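This report describes the secondary structure, sheet topology and surface of one protein chain. The sequence and structure are shown first.

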Amino acid sequence: MPEKNVNSPSALPPALHPTPDESGMTVPQLLQHRIDVLFEQVPLVAELGEAFTQAGHDLYLVGGSVRDALMGRLGHDLDFTTDARPDETAAILRKRTHATWDIGRAFGTIGAQIDDWVVEVTTYRADAYHPDSRKPEIVYGDTLEDDLIRRDFTVNAMALHASTRAFSDPYAGLADIVAGVLRTPFPPERSFSDDPLRMMRAARFTSQLGFTVTDEVRAAMTAMAPRIEIISAERVRDELSKTLLTDLPREGLDLLVTTGIADHVLPELPALRLERDEHHRHKDVYEHSLKVLEQSIDLEKRRGHEPDLTGRLAALLHDIGKPPTRQFEPGGKVSFHHHDVVGAKMARKRLKALAYPSQIVKDVSKLVELHLRFHGYGDQGWTDSAVRRYVRDAGDQLERLHILTRSDCTTRNRRKAERLEFAYDDLERRIAELTAKEELEAIRPDLDGDQIMAILNIKPGPEVGKAYKFLLNLRLDEGPHTPDEAKAALLAWWAENEH
């Protein structure tokens, strides 16, 4: 381990920056200090270690839990590995808590909720994928080394004995943390062949941890990109979502695109890299989309929201309708007519293929379809009716639409950017004012279906729906009416339509 001082700005990746209490330590001192802090702050680790020791077994904190502890970012999940078989593990854990589960028993994993910690204990494994299979053959290993070498990256192939605190790092994961790189214990071709999803995990870790992949890992990802297709849509979806929910998803997404993996899991993204015409008459849509995603994350935070998968998917996909709608117009202009509508259909199809929940599919496609609605507001101004329709069409996605529309401005023209920001500020002000007066979030006709049928003396059927739609449009155009005003308008409409 190099004797770098942690005060050196170039000594550590961002995630390893020391706290004031750690100032002046060398890197080995810093990491040993964090191991000591882990056992002090999480006595459950040693407690479980002792329980397994008394039962005649070894227990190791392993994988991401060790990595995150060394990086000073441990969450509330603790991952362990052991030589004990699942039945033995379950018996030991039940002495500590009744909140156990064995949904992962087929993979050798027993889970438990102990105090504030989610604990998962997995028997040593040495399984692998067959070339044409989506599922691994589960094989228990005999040693810790068997288990660690099958881990995805060296930074996840470290272990801490839960009783003795002995640190195992057979593949130099500690050095890779200090260097801020992702490397595989096996040659990357073998690691990615065993489980191709690891290629997407590499992308996620570049965003989540701020690491870079080695040249060998990048080359293997590029060469083996088609193999990602054997992985289930659900597993691909989960990795993509985790990448998007990091603070810096650009790095991971760009790695997926440049290695060709995105061509197989999200082809609409690399398709945005439109060849710019010789006169540079339109933007780089790919870079624009990543910038919109970055700006939406920043705005999401500034508006006090938690990381929002739906909003981030919409930001990333909002312009995917541009490639199929691009046209070169007379005079050299480039147009993308109806790319909002086309993009919404494309987003719906892709998200369904990735097995996203139906509500996310619906909400993202709605946002993509509406993302251009605001344009023109600043130049022409909108009537109150247009503002009401904007709110009604957005529905419960209004706040996300605010964030997406504001983030969609990536112009370097400061005047234009300020003009758009002022216009949207004005729109949000008008929405707030109308909402205060008219409860815009719950816009409905001034008469309900029962009242319509009673006034017109009709039974349930299509005519009730037509009358309801008339009253809804009247409400949107003119704002709220009294019951008598709505009744008079309904009767006049009924008479005009020769009923």
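## The β4–β5 hairpin

Strands β4 and β5 are joined by six bridges and run antiparallel. Pairing of two strands requires at least two bridges found by DSSP, and helices (H or I, at least four residues) and strands (E, at least two) are DSSP runs numbered from the N terminus. The model is predicted: local features need pLDDT of at least 70, side-chain atom pairs count only at pLDDT 80 or more, and totals for chains, interfaces and linings use all residues. Residues are numbered from 1 along each chain as its sequence is written, and side-chain values use heavy atoms, with hydrogens and water left out.

Within this pair, glycine 111 has glutamate 120 of β5 as its bridge partner. The hairpin has two residues between its strands, and aspartate 115 takes a positive phi near 55° there. Strand β4 (residues 109-114) is mostly covered, with five of its six residues buried; buried means under 20% relative accessible area, exposed over 50% and partly exposed in between, with a 1.4 Å probe and protein chains only.

## The seven-stranded sheet

The hairpin belongs to an open sheet of seven strands in the order β3-β4-β5-β2-β1-β8-β9, with mixed pairing. Its edge strands are β3 and β9 (167-168), each of which pairs on one side only. Strands of a sheet pair through backbone hydrogen bonds, either parallel or antiparallel.

Two bridges join β3 (residues 100-101) to β4 in the antiparallel sense, and threonine 100 stands opposite alanine 112 in β4. Strand β5 (residues 117-123) pairs with β2 in the parallel sense over six bridges; here aspartate 79 stands opposite glutamate 120 of β5. The pairing of β1 (residues 59-62) with β2 (residues 77-82) is antiparallel, over three bridges, and leucine 59 has threonine 82 of β2 as its bridge partner.

## A helix across the sheet

Helix α4 (residues 86-94) lies across β2, β3, β4 and β5, and runs at about 10° to β4. For such angles, axes are lines fitted to C-alpha atoms, for helices over the stretch in contact, and values run from 0 to 180 degrees between N-to-C directions.

## Serine 365

Which helix holds serine 365? Serine 365 is found in helix α17 (residues 358-370). This residue is buried because its relative accessible area is 2%. Leaving aside neighbours within four places in sequence, serine 365 is in contact (heavy atoms within 4.5 Å) with Ala344 and Arg348.

## Overall dimensions and surface

The protein contains 24 helices and 13 strands. Its C-alpha trace spans about 90 × 60 × 50 Å along the principal axes. Of its 499 residues, 50% count as buried. Among contacts with a separation of 6 or more, 65% are between residues 24 or more positions apart.

The exposed area is about 24,300 Å², of which carbon and sulfur atoms supply 49%; accessible areas come from the Shrake-Rupley method with a 1.4 Å probe, and for residues only the protein chains shown count as cover. There are 65 positive and 82 negative side chains, and the centres of the two sets lie 5 Å apart. Lys and Arg count as positive and Asp and Glu as negative, while His and the chain ends are not counted; the place of a charge is NZ of Lys, CZ of Arg, CG of Asp or CD of Glu.
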